[in-house]
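Here are some short exercises to work through with the viewer open. Try each task yourself before reading the solution below it.

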Amino acid sequence: MPWGLDVDLLTPAQRRALDDLLCAGGPRPPADDGLATRIRDLVEERTEAAAALRPVGARGLRLNKTALDALDCEGRYLDHLESRFAWTPPTVLGTLVHRGIELDHAGDRTVEVDEVVAQAWRDFAGAGDSAGAYLAELGGVEAHGLRADAGARIAEFRECFPPLLSHWPVRYEVKLTARLHDGAIELMGKPDLVFGAASATERRLLLVDLKTGRRSHRDRADMRFYALLATLKYRTVPWRVATYYLDEADWDAEDVDADALEAAVRGVADRAVTAARLTWAPPPPDALRLLAGPSCRWCGRAPTCPTKAEADAEWALRDA
Ligand code: SF4
């Protein structure tokens, strides 16, 4: 009965996640403080060039997963800097679902899904932050649709993921922040779920992001970024990171090692230099390095972007 769960009551999908993803009751690797220290030194060293571009008195760079992903294309990154974030039903959905899963965890899945969603909604609407203000105002068909979508995802999670018993050490949307070079660069992230607690002797942390929709080429890099942030924050290397795809009841997992962390440092350092250049010494528009791809879907420049137009034309020819 690993972690107090009666496995005979689990669905096959739940059992698989328990055994192969969470490895309930299985051994964890020994702590490696030397690696954590080496990675901290490496990230400081590799981001020095980006930090050096900061003009005196300028606010530091704030790089989260969205900003790093936007750096696939320089035009998209500038669009990201210029656009004001606005909540919409799709962007607030994940927040609502994560809160619902958290409530489900606290209540050992004994409450009906509709009531879990309603409580999650009330919690946010009364929280006083921007997501709450948005939900408090939302009504009519949009609100019904959002509740239905959130309920469907929580129900899916219940069916495919093992029950998260209330005594398990699981945390939700834990803030991970690393302040480098006196605040010239701030790295931040919020994995959806963190299993386990930091330990002096073992690497027990498992960081999981829940995703609806299709897999993305950035998912692995995003999770390595979280592994890096957790290493910098807790000064111990996590055991594993994973993206869990709700539509597939399947996941992409990676056991964190030196190679994964070094790749994360290289990725962050390269993108930090680009972000610093674009933020503090932006090139003229015709010198921007544009790359059409999945980012175009979110990009405010898409309607007038010549690179996207060329890429669309090429795709149309291939499909003809
Ligand atoms: S539309 Fe696409 S190619 Fe153009 S700036 Fe945006 S992300 Fe880049």
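Domain bounds, as used here, come from an automatic or database domain assignment. This is a predicted model, in which local features need pLDDT of at least 70, side-chain atom pairs count only at pLDDT 80 or more, and totals for chains, interfaces and linings use all residues. Residues are numbered from 1 along each chain as its sequence is written.

**Exercise 1. Describe the chain and its domains.**

Step 1: start with secondary structure, where helices (H or I, at least four residues) and strands (E, at least two) are DSSP runs numbered from the N terminus. The chain has 12 helices and 8 strands.

Step 2: check the overall dimensions. The C-alpha trace spans about 60 × 55 × 45 Å along its principal axes. The radius of gyration is taken over C-alpha atoms, and the globule rule is 2.2 Å times the number of residues to the power 0.38. For 320 residues a compact globule would have a value near 20 Å, and the chain's 21 Å agrees.

Step 3: split the chain into domain 1 (1-288) and domain 2 (290-319). Their centres, taken over C-alpha atoms, are separated by 28 Å. Counting two residues as in contact if their C-beta atoms, placed from the backbone, lie within 7 Å, the contact takes 10 residues from domain 1 and 9 residues from domain 2. On the domain 1 side, α5 gives the largest share, 4 residues.

**Exercise 2. Locate the ligand relative to the domains.**

Step 1: collect the shell, where a residue is near a molecule if its C-beta atom, placed from the backbone, lies within 6 Å of it. You should find 14 residues, the closest being Cys 73, Gly 75, Cys 296, Cys 299 and Cys 305.

Step 2: assign elements. Those giving two or more residues are α5 (74-82) and α12 (306-319).

Step 3: conclude. Domain 1 and domain 2 both give residues to this shell, so the ligand lies between them.

**Exercise 3. Characterise the packing of α2 against α10.**

Step 1: recall that two packed helices are described by the angle between their axes and the distance between the axes. Axes are lines fitted to C-alpha atoms, for helices over the stretch in contact, and angles run from 0 to 180 degrees between N-to-C directions.

Step 2: the axes of α2 (residues 33-46) and α10 (residues 219-234) come within 9 Å and cross at roughly 105 degrees. That makes α2 roughly perpendicular to α10 (angles of 65 to 115 degrees count as such).

Step 3: list the partners. Ala 36, Ile 39, Arg 40 and Val 43 in α2 meet Leu 228, Thr 231 and Leu 232 in α10.

Methods. Parallel < 35°, antiparallel > 145°, perpendicular 65-115°, else oblique.
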